[in-house]
4 protein chains.
Amino acid sequence: MSEQQLARYTYLGPEGTFTEAALRAFVGTEHVRTDPSTDVVSALDAVRGGRADFAVVPMENSVEGGVNVTLDTLASSPEPLVIVGEVVVPVAFVLAVLPGTTLDQVRRVSTHPHAWAQCRGWVGRELDGAVHVPATSTAAAAALLADRGREAGFDAALCSALSAERYGLEALAEGVADNPHAVTRFVVVSRPGALPEPTGADKTTLMAHLPDNEAGALLDMLEQFAVRGVNLSRIESRPIGDSLGRYSFSMDLEGHVAEERVAAALIGLHRVCPFVRFMGSYPRWDRVAPNVAPGTHDADFVAARAWVERIRTGQV
Amino acid sequence: MSEQQLARYTYLGPEGTFTEAALRAFVGTEHVRTDPSTDVVSALDAVRGGRADFAVVPMENSVEGGVNVTLDTLASSPEPLVIVGEVVVPVAFVLAVLPGTTLDQVRRVSTHPHAWAQCRGWVGRELDGAVHVPATSTAAAAALLADRGREAGFDAALCSALSAERYGLEALAEGVADNPHAVTRFVVVSRPGALPEPTGADKTTLMAHLPDNEAGALLDMLEQFAVRGVNLSRIESRPIGDSLGRYSFSMDLEGHVAEERVAAALIGLHRVCPFVRFMGSYPRWDRVAPNVAPGTHDADFVAARAWVERIRTGQV
Amino acid sequence: MSEQQLARYTYLGPEGTFTEAALRAFVGTEHVRTDPSTDVVSALDAVRGGRADFAVVPMENSVEGGVNVTLDTLASSPEPLVIVGEVVVPVAFVLAVLPGTTLDQVRRVSTHPHAWAQCRGWVGRELDGAVHVPATSTAAAAALLADRGREAGFDAALCSALSAERYGLEALAEGVADNPHAVTRFVVVSRPGALPEPTGADKTTLMAHLPDNEAGALLDMLEQFAVRGVNLSRIESRPIGDSLGRYSFSMDLEGHVAEERVAAALIGLHRVCPFVRFMGSYPRWDRVAPNVAPGTHDADFVAARAWVERIRTGQV
Amino acid sequence: MSEQQLARYTYLGPEGTFTEAALRAFVGTEHVRTDPSTDVVSALDAVRGGRADFAVVPMENSVEGGVNVTLDTLASSPEPLVIVGEVVVPVAFVLAVLPGTTLDQVRRVSTHPHAWAQCRGWVGRELDGAVHVPATSTAAAAALLADRGREAGFDAALCSALSAERYGLEALAEGVADNPHAVTRFVVVSRPGALPEPTGADKTTLMAHLPDNEAGALLDMLEQFAVRGVNLSRIESRPIGDSLGRYSFSMDLEGHVAEERVAAALIGLHRVCPFVRFMGSYPRWDRVAPNVAPGTHDADFVAARAWVERIRTGQV
């Protein structure tokens, strides 16, 4: 296959980020072209504009929660993109320094604020008094340290092992993470087109505005899922932005829109919410099939519809 | 039109019952053949067996509640019948006696137990100490009194004005009813066939078994209506009959199965209930159109389904 | 103990009814005074007026459903009575005749309409063509046949074995019942006073008017039970009586008002329903303890209230 | 009053932040001692440790959503703090530069990432191509620019007008905000003690873990509010942190825990959620009283409880 025909991936760069690691986990041994973007918005823009076929961006972290810029950009962009896959990767950092630096010399540590939040306990124990120098990404901190050395304004970067290696830094500590089970979930985004085939273990991502700012409205929305036996694996509130107290909800449903119960829930949602955006149906990373409740299998919907059709034509 | 081609109606007889009055109100000036049945089961059997085209039978009374034999026979018969119309008539009785009888001579009063229940207060005031002699119908009491006279075993019948007139009895009192607003609702039943056209002001009658004997099961069933904005104008519990605590529910929904929201609710019900029987969609007697909530008009369902169809084919 | 001090029971008579059998099952070997009433209303009036301490009346039947006169009289009487116990008895009839009558001579059968409904299948098979002569009770049919013989106007009575024996009739058939599992539930009613002690296996009987005639109102009412984990073992709709479509609900809750979850549900019901009547907390006949869901034990309520009390006094 | 007795406030510093402006709006003309903290965690620690009486910290922004560090620190600290007040301030920035800098010289702009997110559109239009240099706060960016001048590594700061003034910078543009209605809500936090008195227009802040990761669990939780007529003005999901898909919810309820309906909802929540933290009842900044639904006024709860008490003592 020629280089021109290879799938083109962009990702939240620079090189060496956890996002690049997620991309590698997703494509496996497939040969692809990769090109980092400077931020999530740029990565998604590259796909929208046709400069990339796919973008890999972080979606949520088990400690820090949703990545707002990803949620908000996917939910509100005028030309919709869709999620076609997900990757979940464990998160643990290395404390990367210029070769020769010792632990007691580390007073200023640069990293992305989310990474900092996930290492605060470790820093308190091992680097008591160290201060945080925010960076736009963990890899950017590593790159800057490698590039500028003592002029970087900090002594160490908390970054991925891949970053430390790529930028020629030394790992003074590995496996740094306050929560050893911390994971980050990344999504693979493309322009709309044929949906990934249902696998029996899929997710559907949606964003819906609530009809009004009553608590009852959220209950009503959730009942659209409950009556069709559709479970949610993620639900996150986001401000609509025009005033406090008005929310949209970003959700992952267990199932594929090609399945009856998911389609029925979406139909219900479309009726009761002023705005709904479909953001993709795609295979789950963990391949775990949902527990489908009695009365909510595809066959149950098909049989029920056929029954009502017979009634409507007078065959009771 | 020859006599052979006239629509054949049977009804809960004998002649002169409130049911016959309801039949007359329903057919209006149409020329039909009528033939009383001895009880509700026989009337419905006559339609099932083809000896009548339609049966008119009582369904519920605003004071006494549902007429169990009608509900149960329609709900459980192996060959289903469907309701094609309804009639609501005010209920007030006359105290019918043999000509010459005076009020102070009335010690024993025959009538149907439901009628007795609706006149108890009046009897207590006007005929203190009078006892009830149960009859199979109000008209049967009148007929027996006219037929047997003093040998009937009672002195008066509480029946319809039509009965008193038809059996040559004298009305010692008219408009007898503890509740002046009491009404009885009758239904017109036929064999299955093309449904009555939707009029915009229709009812749909159903019977559904609950999935189990938990209170939550009733809640789940009602939510199938709530999420589609379908209101109920009647809900009555009936024992399933195999043990205490197991219920089916007989319900009237506001709307016609040809309407989207009603069809959607029926589809949901079919999925969650072990047994559902459709018993007809037909015009309301009062011609009052239901209040259709935002998001539950036919157009909302059509638009939502089209949206999901587009999603499924990759056109977000 | 002198005769004057014995507990005085009345019941739906005449002697020999299933109700008398229920009374005997309830009092066991206790020595009591019994006195039949002519109907349910009279039995309850006797208690209200102090002429009896307890009344035993039928409440519901597994085939025919609720006994409306009992439900309505208990629910609407200006001076409330309370249920202090229940009895469930299997229902099977005997076909009682004057000695010497043979099966092929039986053309007219008298019994209470509810009994008739429960033997219709048997009658169709064994006494094809036999007609029903309604009686105010099964025992009344037996008594009249014994009293008037051929002049009674019917040839046989469907009644309890006790009735046949007491009135000197011969049982041409025994165990007559279309449904071999049919049972009737009777309640023991007294004037208000100290409630029966909670046993861990109790019922609470209530009647509540719905706030309006929306289906949503029933859902709201049921949610008051659901959020406290209170299950219903009986729910029956009754018309409020002022117009079609307005219902009250008569319910049995699993549990005793002395239990926290039941008390909490009643408090909720009192807030949302325009009218609620408490009709008793009493031991279940079957002694089956309810399944109490996590978070709804008495200790959970006590702990939660204590927590809120601490909060209110500033001790977080 | 001596300096020693003045209330001591800390806030998210450095001087000149929007948080300091909020503090000033909250205390009005009251004379207080103020001392900035370097971050939210330190500000809350200062109160916990007794070095300050109150901390003012940002809670949520109408565009960016909840401030996770505030939500998480308040929700999870072993020694609880409580919110005793709130302040809502409009958010608009100035583009602050060293005196003499012109707009076309601005290529690198420093500010807090949340501020950057709220000015992205403006930057795109007015400073096309400008890049973001993240800072720990808007005021820190201003302070660094004033302190280091050309050595700061950026040309301008997006900060509050107060910051620009305090640090002697020049505002090249004012009222910078993509959304002119953007507001930030700050909370005033203290150690537990007597709650602020109910004013009739209060909020109660809570955090609750869901019992399990089913969508139904969220529905169940919301029903605890719905059945008591308690509305939510804020609901935000936060990961519990041990795995993806497990959430806690941070919520503001309309009402004060001293009010019956709020207390009842909290009691219900305590029963169904594995963990609930009360984080304060305090006056709303906007002084808008909630709409209290029928059946949910204090008097309704009091009357309902009294009714159940009477029942329990046998007075029906």
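**Note on a predicted four-chain model**

1. In helix H2 (residues 40-48) of chain B, the residues that count as buried are Val40(B), Ala43(B), Leu44(B), Ala46(B) and Val47(B). Because these residues cover an arc of only 150° around the axis, they lie on the same side of H2(B). An α-helix has 3.6 residues a turn, so residues three or four places apart point the same way. What do the buried residues of H2(B) pack against? Their partners in chain B are strand S1 (8-12), strand S2 (33-37), strand S3 (54-61), helix H3 (68-76) and strand S11 (183-190). Just after H2(B) comes Gly50(B), which takes a positive phi of about 85°. The coordinates discussed here and below belong to a predicted model.

2. For the overall make-up of a single chain, chain A may be taken, in which there are nine helices and 15 strands. The C-alpha trace of chain A spans about 85 × 50 × 35 Å along its principal axes, and of its 316 residues 53% count as buried. Among the contacts in chain A that link residues at least 6 apart in sequence, 77% join residues at least 24 apart.

3. One annotation should be read with its origin in mind: the UniProt record, an unreviewed entry, gives "domain: Prephenate dehydratase" for residues 8-191 of chain A. Over residues 8-191 of chain A, the chain is 32% helix and 33% strand, and the C-alpha atoms at the two ends are 13 Å apart.

4. Turning to the contacts between chains, 38 residues of chain A are in contact with 38 residues of chain D. On the chain A side, the elements that give two or more residues are strand S11 (183-190), helix H7 (215-226) and strand S13 (232-239). By class, the residues of chain A that touch chain D divide into 16 nonpolar, 13 polar and nine charged.

5. How are chain A and chain D related in space? A turn of 180° with a shift of 0.0 Å along the axis lays chain A on chain D with an RMSD of 0.1 Å, and the two copies are therefore related as by a two-fold rotation axis. The same surface serves both copies, since 100% of the contact residues of chain A recur in chain D.

6. For the other pair, 37 residues of chain B are in contact with 38 residues of chain C. S11, helix H7 (215-226) and strand S13 (232-239) of chain B each supply at least two residues to the side that touches chain C, and that side of chain B has 15 nonpolar, 13 polar and nine charged residues. Chain B can be laid on chain C with an RMSD of 0.1 Å by a turn of 180° and a shift of 0.1 Å along the axis, and here too the same surface serves both copies, with 100% of the contact residues of chain B recurring in chain C.

7. Two chain pairs make no contact. Chain A and chain C do not touch, and their nearest C-alpha atoms are 12 Å apart; likewise, no contact joins chain B and chain D, whose closest C-alpha atoms lie 12 Å apart.

8. Within chain C, the axes of helix H8 (residues 260-272) and helix H9 (residues 298-312) come within 8 Å and cross at roughly 65°. Which residues make this contact? From H8(C) they are Glu260(C), Arg261(C) and Ala264(C), and from H9(C) they are Asp298(C), Phe301(C) and Val302(C). These residues divide into three nonpolar, no polar and three charged.

9. Thr34(C) is found in strand S2 (residues 33-37) of chain C. Is Thr34(C) buried or partly exposed? Because a residue needs 20 or more other C-beta atoms within 10 Å to count as buried, Thr34(C), with 19, is partly exposed. Leaving aside neighbours within four places in sequence, Thr34(C) is in contact with Tyr9(C), Tyr11(C) and Leu23(C), whereas its C-alpha atom is separated by 41 Å from that of Ala226(C), 192 residues apart along the chain.

10. Some backbone features deserve a check. A cis peptide bond joins Gly13(B) and Pro14(B), with omega about 0°, and Pro14(B) is placed in the loop between S1 and helix H1 (18-27) of chain B. In chain C a cis peptide bond joins Gly13(C) and Pro14(C), with omega about 5°. Arg287(B), although not a glycine, has a positive phi of about 55°; this residue is in the loop between strand S15 (276-283) and helix H9 (298-312) of chain B, and with 10 C-beta neighbours inside 10 Å it counts as exposed. Arg287(D) also has a positive phi of about 55°.

Technical notes: Residues numbered from 1 in each chain as written. Chains lettered and ligands numbered in written order. Predicted model: local features only at pLDDT ≥ 70, side-chain atom pairs only at ≥ 80, totals over all residues. Contact = placed C-beta atoms within 7 Å. Helix = DSSP H or I, 4+ residues; strand = E, 2+ residues; numbered from the N terminus. Nonpolar A, V, L, I, M, F, W, Y, C, P; charged D, E, K, R; others polar. UniProt positions renumbered as here; feature names shortened; annotations may be inferred. Least-squares fit on C-alpha atoms with pLDDT ≥ 70 in both. Buried ≥ 20, exposed ≤ 12 C-beta atoms within 10 Å, placed from the backbone. Arc of directions from axis to C-beta. Axes fitted to C-alpha atoms, helices over the stretch in contact; angles between N-to-C directions.
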